[in-house]
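Reader: Could you walk me through how to read a few features here, beginning with salt bridges and burial?

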Amino acid sequence: MVEFHRKSTAEAMEVLNVTEQGLNTVEVNRRRSSLGYNELEEVNKKGAIQIFLEQFKDFLVLILLAAAIVSALLGKLESTLVILFVVIVNAVLGTVQHLKAEQALSSLKALSSPTAKVLRDGQKIEIPSREIIVGDILYVEAGDYISADGRILETYSLQANESSLTGEAESVLKISNVIDENHVAVGDRKNMVFTGSFATYGRAVILVTAIGMHTEIGKIASLLESAQEKKTPLQVNLDVFGKKLALIILAISGFIFVLDILRGNPIIESVMFAVSLAVAAIPEALSSIVTIVLALGTQKMAKQNAIVRKLHSVESLGSISVICSDKTGTLTQNKMTVRKVYVDNNVLEHDQLNHNTALEKKIILMGLLCSDAVTIEKREMGDPTEIALVNFGSIYGLDELDIRQKYPRIGELPFDSDRKLMSTVHEIAGKTIMITKGALDVLIKRTKAIERSDGLQTITEADAKAIETVNKDLSKNGLRVLAFAYKELDRNKEISHKDEKDLIFIGLIAMMDPPRKESKGAVEECIKAGIKPVMITGDHRITASAIAKQIGILRDESEAIDGYELDELSDKELSARIEKISVYARVSPEHKIRIVKAWQNKGNVVAMTGDGVNDAPALKQADIGIAMGITGTEVAKDAAAMVLADDNFSTIVKAISNGRSIYTNIKNAIRFLLSGNTAGILSILYASISGLAVPFAPVHLLFINLVTDSLPAIAIGLEPHNESMMKEKPRTINAPILDRGFGLEVFLEGLLIAVCTIAVFYIGLDTGNSLIASTMAFAALCLCRLFHSFNTRSRESIFKVGLITNKFLLLSIAIGIGLLMFILTYKPIMHIFEVSPLSMNQYGIVLIISLIPLVLVQSYKVLFRK
């Protein structure tokens with residue numbers, strides 16, 4: 001690959017075989033036949049039908065479909081229809097969720113400007129930007145979006161905002177000189193321009209060196225395609241659980257079927273036993289309930305300015321152990337602001353100047369006069385550095401337009417990279433004054449005097465060293481420093497660069513993009529919660545380290561490295577050092593993905609925050625990508641799993657807290673569902689081994705699993721938030737949701753409910769009517785599971801968490817009981833659900849025995865979980 005930043009303008013044109021007349025039409029057509037158009041490619045994506053069909057690949061779903069077929073063959077049409085309905089609804093939900101996920105490349109295309117001005121056949125013409133070809137000579141001026149990557153041939157003070165690519169808000173002054181250096185980051189290739197950036201000042205003539213997928217943004221598009229989205233921990237746990245459960249179900253169902261056949265039972269009855277067990281074991285509503293709980297959780301988070309685009313990412317928030325955050329616009333305000341002023345031998349805070357003092361007022365006025373930025377009706381226009389000077393004047397009630405009208409500009413020498421200076425000439429108090437601002441290392445050499453409160457004095461070597469020391473100290477703290485000086489000129493004199501000498505030094509103005517007020521507190525809370533905050537930025541190391549120290553991310557300078565240092569580290573070396581690195585400076589998109597992967601390879605759940613195009617691949621690679629809603633590009637938003645509506649880093653902390661709470665609630669809901677299913681399995685197993693009749697029809701179990709269980713499970717998922725969760729360490733990504741302790745609780749609670757259900761079944765069998773016995777067992781299992789929801793809503797007893805703190809749970813239990821009574825008493829549907837009328841005495845027996853698991857579990861919690 002040709003490094004055009006290392007080529008002279010003549011060499012670059014020679015490499016691309018271009019003349020000063022530009023390309024001719026024949027050559028344009030020839031190049032387009034091989035290079036194509038200046039646009040981003042998009043891979044073919046799966047259609048809705050294919051995605052829908054893929055939802056049926058899940059092994060548990062296949063078992064349910066098999067159960068539906070068997071039920072149909074045996075004439076149980078109601079059971080078949082109910083099972084098919086559940087499977088199809090789950091498939092539709094999965095399809096809709098998938099179709100919303102991939103939109104990043106379409107947003108990348110929107111970054112291209114619609115037209116561009118190029119030189120062809122010696123004529124300057126305007127063409128659609130997609131028709132630009134490598135070798136075109138492109139004309140760019142202030143306000144233009146840049147449509148292709150290119151080498152600058154001529155520049156007239158061109159400044160380009162590359163924040164969407166590098167993440168940095170400050171415009172870059174472009175040059176045409178050769179940059180013959182190694183390890184030159186994109187942000188430092190100042191003789192190049194890049195697609196997706198835009199010109200903020202000046203103009204330039206550019207030789208196009210790359211188009212479409214070969215541009216820097218094109219490379220990001222390729223990374224976006226190659227970056228693989230990670231499954232969330234809950235998805236992984238549920239997948240593993242589903243596979244294990246499916247194997248267990250097949251083994252037990254096969255065992256029961258063979259056992260019944262050996263006993264001489266009819267094949268149809270044996271098959272119904274096996275089908276009943278399969279239906280009892282599979283938590284049909286589990287996937288839907290998890291989705292619903294996550295969706296309701298996202299609604300709550302949206303009210304707190306955290307908009308979740310991908311539902312399953314909610315629970316990942318609770319597992320986050322590393323946050324890789326962009327600096328500009330995320331941890332900082334994305335706005336250059338004056339922070340300190342050096343004048344009259346004193347370093348002052350930006351808001352502590354006395355503008356009634358001559359020298360202090362003079363440096364404020366110089367900042368307003370020697371700049372072109374304006375603020376009109378809160379709309380800021382101009383270079384960010386000059387906007388900072390204008391805003392600095394407004395602190396002291398000085399309006400830049402009023403000041404410039406009072407002291408009109410009568411001459412100027414624009415800023416350029418060779419001089420590193422800018423000068424303007426004004427009429428002030430009847431004198432012609434030239435004000436000069438720029439880099440101290442250049443300006444101090446052109447200074448002959450220094451103005452202090454006690455008057456003008458010839459500048460000495462000691463004075464110069466003292467000023468340079470102050471400048472160095474300010475720079476070490478991440479501040480960008482501008483030096484100011486002036487001189488009196490003869491009236492009506494035309495100025496030239498030669499006049500920028502024999503200046504009178506007045507002072508320094510230091511500025512930076514300051515941290516957000518809430519960033520420090522948010523970082524501190526993250527650390528308390530066991531989360532490692534990491535800053536990844538395209539800015540310089542000194543600036544990044546200074547910001548990171550202020551907000552608590554960086555403690556020691558050794559924890560910060562540059563992008564080129566990262567390149568020199570092997571994956572093994574990076575893995576060994578990564579936990580000790582807190583700040584990465586001058587990084588590229590490839591670096592960001594590599595850092596995220598390195599953390600993930602060590603078993604961490606990684607969040608990546610960002611707002612620019614350059615962040616998109618890493619946002620997608622991260623376990624959860626978090627984009628900024630206000631300053632973020634559409635590319636970043638589409639690649640992210642979550643968008644912060646207020647661009648507030650502290651909102652991430654709230655989202656993590658909510659994520660932990662939601663995960664705990666989901667785990668409790670799963671415990672509720674699985675313990676109930678375990679009760680059904682154990683009841684059927686006992687009946688089979690004991691040679692009893694089938695205690696439940698498949699439709700009974702489907703009604704319990706889908707209707708009476710679903711509402712309490714959702715209500716458990718809405719259990720009020722517990723603030724103490726942010727005092728705990730993050731869950732490890734490999735921690736299974738069904739660990740040994742969790743599995744034992746599910747089994748014991750399921751066993752307790754099964755014992756009560758079988759007890760009721762035996763009482764029903766004493767009547768001599770198997771349908772009554774089955775109805776009583778169905779009612780008991782249903783009520784036991786409804787009351788059991790009080791046990792699973794929290795690790796603590798209902799007396800400690802409060803019986804009425806979760807009103808949704810009370811309502812869901814009431815609805816469940818109401819639906820059960822409707823089935824048991826409404827004659828037109830009794831035959832569909834295979835139930836028989838019960839006496840009041842039988843209802844009483846069912847109710848009393850159904851309360852036993854609730855009483856026993858709550859008694860245990862009161863006695864042993866204080």
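Reader: Let's start with Asp 463: is it buried or exposed?

Author: This is a predicted model, so take what follows as computed. The cut-off to keep in mind is that buried means under 20% relative accessible area. Asp 463 has 15%, so it counts as buried.

Reader: Which side chain does Asp 463 meet in a salt bridge?

Author: That would be Arg 452, at 3.0 Å from N to O. Arg 452 belongs to strand S17 and Asp 463 to helix H17, so to speak two distant parts of the chain, 11 residues apart. Arg 452 is buried too, because its relative accessibility is 11%.

Reader: What about Lys 174 and Glu 162, how far apart are N and O there?

Author: The side chains of Lys 174 and Glu 162 meet at 2.5 Å. Lys 174 sits in the loop between strands S5 and S6, while Glu 162 is in the loop between strand S4 and helix H7. With a relative accessible area of 2%, Lys 174 is buried, and Glu 162 is buried at 1%.

Reader: And where is the partner of Arg 491?

Author: Arg 491 pairs with Glu 427, and their closest N and O atoms are 3.5 Å apart. Arg 491 lies in the loop between S19 and strand S20, Glu 427 in strand S15, with their positions 64 residues apart in the numbering. Glu 427 is partly exposed, at 21% relative accessibility.

Reader: How many salt bridges does the count come to?

Author: The count is 35. Some side chains are linked in a network: Arg 671, Glu 745, Glu 749 and Arg 795.

Reader: You mentioned strand S15. How should I read its pairing with S16?

Author: Start with the general idea: strands of a sheet pair through backbone hydrogen bonds, either parallel or antiparallel. In this case S15 and S16 run antiparallel, joined by 8 bridges. To get your bearings, find Met 422, whose bridge partner in S16 is Lys 437. The two strands form a hairpin with 2 residues between them, and Ala 429 in the turn has a positive phi of about 55 degrees.

Reader: Which other strand does S16 pair with?

Author: S16 also pairs with strand S19, in the antiparallel sense, over 7 bridges. Look for Ile 435, which stands opposite Tyr 486 in S19. S16 is largely enclosed by the rest of the structure, because 7 of its 8 residues are buried.

Reader: How do I read the order of the open sheet of 8 strands?

Author: Go across it from one edge to the other: S8-S26-S25-S24-S9-S21-S23-S22, with mixed pairing. The edge strands S8 and S22 each pair on one side only. From one strand to the next, the twist averages 20 degrees. For a parallel pair, take S21 and S23, joined by 2 bridges; Ile 536 stands opposite Tyr 584 in S23.

Reader: Now a helix. How many residues of H13 are buried?

Author: H13 is mostly covered, with 9 of its 12 residues buried. Among the buried ones are Leu 359, Glu 360, Ile 363 and Gly 367. From first C-alpha to last, H13 reaches 16 Å, close to the 16 Å expected at 1.5 Å a residue.

Reader: Which residues form the nonpolar patch on the surface?

Author: Leu 744, Phe 747, Leu 748, Leu 751 and Val 755, which together have about 450 Å² of accessible area. To find the patch, go to helix H28, where Leu 744 is placed.

Key
Residues are numbered from 1 along each chain as its sequence is written. This is a predicted model: local features need pLDDT of at least 70, side-chain atom pairs count only at pLDDT 80 or more; totals for chains, interfaces and linings use all residues. Side-chain values use heavy atoms; hydrogens and water are left out. Buried means under 20% relative accessible area, exposed over 50%, partly exposed in between (1.4 Å probe, protein chains only). Helices (H or I, at least four residues) and strands (E, at least two) are DSSP runs, numbered from the N terminus. Two strands pair if DSSP finds at least two bridges between them. Patches are made of residues with over 30% relative accessible area and no salt bridge: like charges are joined within 9 Å, nonpolar side chains (Val, Leu, Ile, Met, Phe, Trp, Tyr) within 5 Å. Accessible areas come from the Shrake-Rupley method with a 1.4 Å probe; for residues, only the protein chains shown count as cover. A salt bridge is a side-chain nitrogen of Lys or Arg within 4 Å of a carboxyl oxygen of Asp or Glu. The expected span of a helix is 1.5 Å times one less than its number of residues. Axes are lines fitted to C-alpha atoms, for helices over the stretch in contact, and angles run from 0 to 180 degrees between N-to-C directions.
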